[in-house]
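Biologist: Happy to sit down with you over this one. Could you show me the structure, and then let me ask about its pockets and strands?

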Amino acid sequence: GWLGMAYAWLPFSLHLSKGGVKLSCTNGHLMCAGCFIHLLADARLKEEQATCPNCRCEISKSLCCRNLAVEKAVSELPSECGFCMRQFPRSLLERHQKEECQDRVTQCRYKRIGCPWQGPYHELTVHEAECTHPTKTGNELMEILDEMDQTHKKEMQLYNSIFSLLSFEKIGYTEVQFRPYRTDDFITRLYYETPRFTVLNQTWVLKARVNDSERNPNLSCKRTLSFQLILKSKISSPMECSFLLLKGPYDDVKINPVIYHFIFTNENNETEYVPLPIIDSVECNKLLAAKNINLRLFIFQIQK
């Protein structure tokens, strides 16, 4: 009834006073871009048509449009600083939070030698006067710097591994499009699969699933995708490969590159499901809200 609709609309209406893109359904009801994407993703998971939380009319990327008048009006409203809670004109808020607010979060200038302190700007001077890191011995600082170097080394190893793979003789890549399907179970589950494609003269398929195929991923705030690579061709000898998925050339989803490794044989032609390294659930919702998921796959064949 109307009470349930009001409760459904409440979380979304709370965002309207914030800046950013505002969208209208065909009846003029407003929602912010983040809530709009979340509604589309939820509908995909529940195999339903996405609807406006207010009037229940259908919503989609083609049916909804930006409401520029509301965006302009909201941009002129006073907004609250997230640190000191004072009200400022929205046009001045960013500068205030970055440069002027005495409560903005800042870090010790000795962070580069391992000081973990962070706190409000007005406490910075007192902290730096008492910070023990400048008085540490050379040996103590070397231990701290070694830990920091190890973290940096792990990051560099990933990029060096990618550069090393790019020197391989046999490299293949292609754009892949995951399409949504439903299982034939009594309680259907959403999964994704690509059409067959050819890379390195072999035929492949990719499959993906949401939250490792849990029963009701639409009830979870945390959303993840995992995928597996399947070799469909018959091969005469084992095929050792490294592979990774990245965003496609026209998508803005944020994916951290991860290199996976597998030896394909005729008897063992499917990898385990491995995480698609999307940075968070917000990015995952962007993919789920889309009609299809478009990514780019790289496969590197390791020669013996």
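Biologist: Which residues lie nearest the centre of the largest pocket?
Modeller: Keep in mind that this is a predicted model. The largest pocket holds about 320 Å³ of space, and its lining is made up of 16 residues. Those that lie nearest the centre are L40, R44, A289, A290 and K291.

Biologist: Which element gives the largest share of that pocket's lining?
Modeller: Two elements, α2 and α7 (281-289), each give two or more residues to the lining of the largest pocket. The largest share is three residues, and the element they come from is α2.

Biologist: How many residues of the lining of the largest pocket are charged?
Modeller: Let's go through the classes. Seven residues of this lining are nonpolar and three are polar. The charged ones number six.

Biologist: Good, now the second largest pocket: which residues are the closest to its centre?
Modeller: This pocket has about 260 Å³ of space and is lined by 15 residues. By class, the lining divides into six nonpolar, six polar and three charged. The closest to the centre are S237, P238, M239, Q301 and Q303.

Biologist: Let's turn to the sheet. In which order do the three strands stand?
Modeller: The sheet is open, and its pairing is antiparallel. Strands of a sheet pair through backbone hydrogen bonds. Here the order is β2-β1-β3.

Biologist: Why is one side of β2 and of β3 left without a neighbour in the sheet?
Modeller: Look at where β2 (30-32) and β3 (65-66) stand: both are at the edges of the sheet. One side of each is left without a neighbour because each has a single partner strand.

Biologist: Which residue of β3 is the bridge partner of S24?
Modeller: Strand β1 covers residues 22-24 and runs antiparallel to β3, with two bridges joining them. For S24, the bridge partner in β3 is C65.

Biologist: What angle does the direction of helix α2 make with that of β2?
Modeller: Helix α2 spans residues 33-46 and packs on the sheet. There α2 touches both β1 and β2. Its direction and that of β2 make an angle of about 95°.

Biologist: And helix α3, at what angle does α3 run to β1?
Modeller: Helix α3, residues 68-75, lies across β1, β2 and β3. Relative to β1, α3 runs at about 145°.

Biologist: Lastly, how far apart are the end C-alpha atoms over residues 57-115?
Modeller: An unreviewed UniProt entry annotates residues 57-115 as "domain: TRAF-type". Over that stretch the chain is 32% helix and 19% strand. The end C-alpha atoms are apart by 54 Å.

Definitions and conventions
Residues are numbered from 1 along each chain as its sequence is written. This is a predicted model: local features need pLDDT of at least 70, side-chain atom pairs count only at pLDDT 80 or more; totals for chains, interfaces and linings use all residues. Side-chain values use heavy atoms; hydrogens and water are left out. Two strands pair if DSSP finds at least two bridges between them. Helices (H or I, at least four residues) and strands (E, at least two) are DSSP runs, numbered from the N terminus. Contact means heavy atoms within 4.5 Å. Axes are lines fitted to C-alpha atoms, for helices over the stretch in contact, and angles run from 0 to 180 degrees between N-to-C directions. On a 1 Å grid over the protein atoms alone, a cavity is a set of points where a 1.4 Å probe fits but cannot get out, and a pocket is an open set with protein on both sides within 12 Å along at least five of seven lines; lining residues have an atom within 4 Å of a point. Grid points are joined across faces, edges and corners, and a volume is the space filled by probe spheres set on the points. Ala, Val, Leu, Ile, Met, Phe, Trp, Tyr, Cys and Pro count as nonpolar, Asp, Glu, Lys and Arg as charged, and the others, Gly among them, as polar. UniProt positions are given in the numbering used here, feature names are shortened, and annotations may be inferred rather than shown by experiment.
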